[in-house]
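Open the structure in your viewer and keep the sequence panel beside it. The tour below goes from one selection to the next.

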Amino acid sequence: MSATLSLDQARRIALAAQGLDKGRPTGPVTSRAVGRTFARIQLVQIDSVNVVSRSHLLPFFSRLGNYDRTILQRMTAVHPRRMVEYWAHEASYIRPEHYADLLLWQKRSWVGASRMDPDLRAAIAGKILDTLARSRPLTAAQLTARMGHVEEKETANWGWNWNAVKRVLEHLFEEGVVSAAARTEQFERRYTLTSRVLPELSGPATGDAGPAEAMHRLIDAAAQAHGIGTVRCFADYFRTPPKAAAAAVEHLVRMGRLERVTVPGWDRDVFRHVEARLPRRATGRALLSPFDSLVFERRRLEELFGFHYRIEIYTPEHKRRYGYYVLPFLLRDRIVARVDLKADRQRGILLARSAFAEPYAPPDTAVELAAELRLMADWLGLSEVEVFPVGDLAGSLAAAVSGRGVSALREQTGLAAASLP
């Protein structure tokens, strides 16, 4: 017989697994705290959009508050690295121990040179590896210039107009031969040999174990990061094949790492990791990146939180419902609102271009969101928060940002002054 958990309990397990169930550290955030957070969530997705901040920086703010972003630079660029780049849930920073396992399962040949003439690809690869062996880490543009490679620029495929050097670099990146040693200020990869990033590996890294063992480790890590979920949830975390993930789940059940549970409203098999913690209550507050690992799997998000979410970046402006870069707002154990944010760095203002509340949002939503926006502005080095009059939460949020909403909230809810920002 499987244990039965309420939906509230399942939510608290999920939040605890992601480090979002309680308040942030009260003192300065140390590099150790950042490292522990990364070890808990296993990976952070990389994305080039920089409307608020780079996407891989935001999950640490959500969990830790005002932290020093140079800590992540050291973790990704200084040996021994605690974060390395590879394909996982899209392009991601992953824990080094997952690198060899992912190489056995990630196949993203469409981003590289799989369609190039094999002889041409081999010739360019040889030049790339020879150049990188004799140089510091280089961007694709620097490497192209160093090799003296010249070709006519294509303009047919917007966003993927890579020259042959870049395509072969991505092919070698997928194979595990080259890696990203760091990123430039423009967020370009600096490529080098993988053996220099992960000295314990050399050449195409495959690890000591076979694919099945690698999948067991990846699904176990995904289940730890979820706390509770389905095969689909666990497979999606590192973007591994569902069939192989299902076999790994059954193996982990037999090994006692996962246990079957029943959650009302979930019509699929649900599993809880044996190390998952169930807090008595959730007290956290966080703005979540559109690429945060809590919101990766949209069906799970809707089943757990009753929150329907989609990224509207690629939706034509006139068809967007909530905005361009919309962040869900987590308050205690529910996602209670969403806000479209933009950092206006030139004027030093964090813009809330729209703000919408969920039907079940509690009375203190606007005040708590205002406090979160002020914290984010401070972290980003912005001096003000400006709220546009768009969305059903915008009016009360603007009042709360200006300070007018606090007294009204006290009258509505009877909350003690000490409990308010």
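A residue is called buried when its relative accessible area is under 20%, exposed when it is over 50%, and partly exposed in between, using a 1.4 Å probe and protein chains only. Residues are numbered from 1 along each chain as its sequence is written. This is a predicted model, in which local features need pLDDT of at least 70, side-chain atom pairs count only at pLDDT 80 or more, and totals for chains, interfaces and linings use all residues, while side-chain values use heavy atoms and leave out hydrogens and water.

**Stop 1: the whole chain**

Show everything as a cartoon. The protein has 16 helices and 14 strands; these are DSSP runs numbered from the N terminus, with helices being H or I of at least four residues and strands being E of at least two. Along the principal axes, the C-alpha atoms fill a box of roughly 75 × 60 × 40 Å. The radius of gyration is 23 Å, which agrees with the value near 22 Å for a compact globule of 421 residues. That radius is taken over C-alpha atoms, and the globule rule is 2.2 Å times the number of residues to the power 0.38.

Of the 421 residues, 54% count as buried. Among contacts with a separation of 6 or more, 66% join residues 24 or more positions apart, where contact means heavy atoms within 4.5 Å.

**Stop 2: Thr26**

Select Thr26, in the loop between helix H1 (7-17) and H2. Is Thr26 buried or exposed? Its relative accessible area is 87%, so Thr26 is exposed. Now add Leu64: it is 38 residues from Thr26 along the chain, and their C-alpha atoms are separated by 9.2 Å.

**Stop 3: backbone angles**

Most residues other than glycine have a negative phi, and most peptide bonds are trans. The next three selections depart from this pattern.

- Gln42 is in the loop between helix H2 (31-41) and strand S2 (43-45). Its phi is positive, near 75 degrees, and it is not a glycine. With 3% relative accessibility, Gln42 counts as buried.
- Pro80 is in the loop between helix H4 (70-77) and strand S3 (84-88). The peptide bond joining His79 and Pro80 is cis, with omega about -5 degrees.
- Glu90 belongs to strand S4 (residues 90-94). Although not a glycine, Glu90 has a positive phi of about 65 degrees. Its relative accessible area is 29%, so Glu90 is partly exposed.

**Stop 4: Glu213**

Go to helix H10 (residues 211-226) and pick out Glu213. Glu213 is partly exposed, with a relative accessible area of 39%. Select Ala10 as well: the two are 203 residues apart in sequence and 28 Å apart in space, C-alpha to C-alpha.

**Stop 5: helices H14 and H15**

Select residues 365-380, which form helix H14. How many of the 16 residues of H14 are buried? The count is 13, so H14 is largely enclosed by the rest of the structure. From first C-alpha to last, H14 reaches 22 Å, close to the 22 Å expected at 1.5 Å a residue; the expected span is 1.5 Å times one less than the number of residues. Just after H14 comes Gly381, with a positive phi of about 75 degrees.

Finish with helix H15 (residues 394-402), where the buried residues include Ala394, Leu397 and Val401. Gly403 follows H15 and has a positive phi, near 100 degrees.
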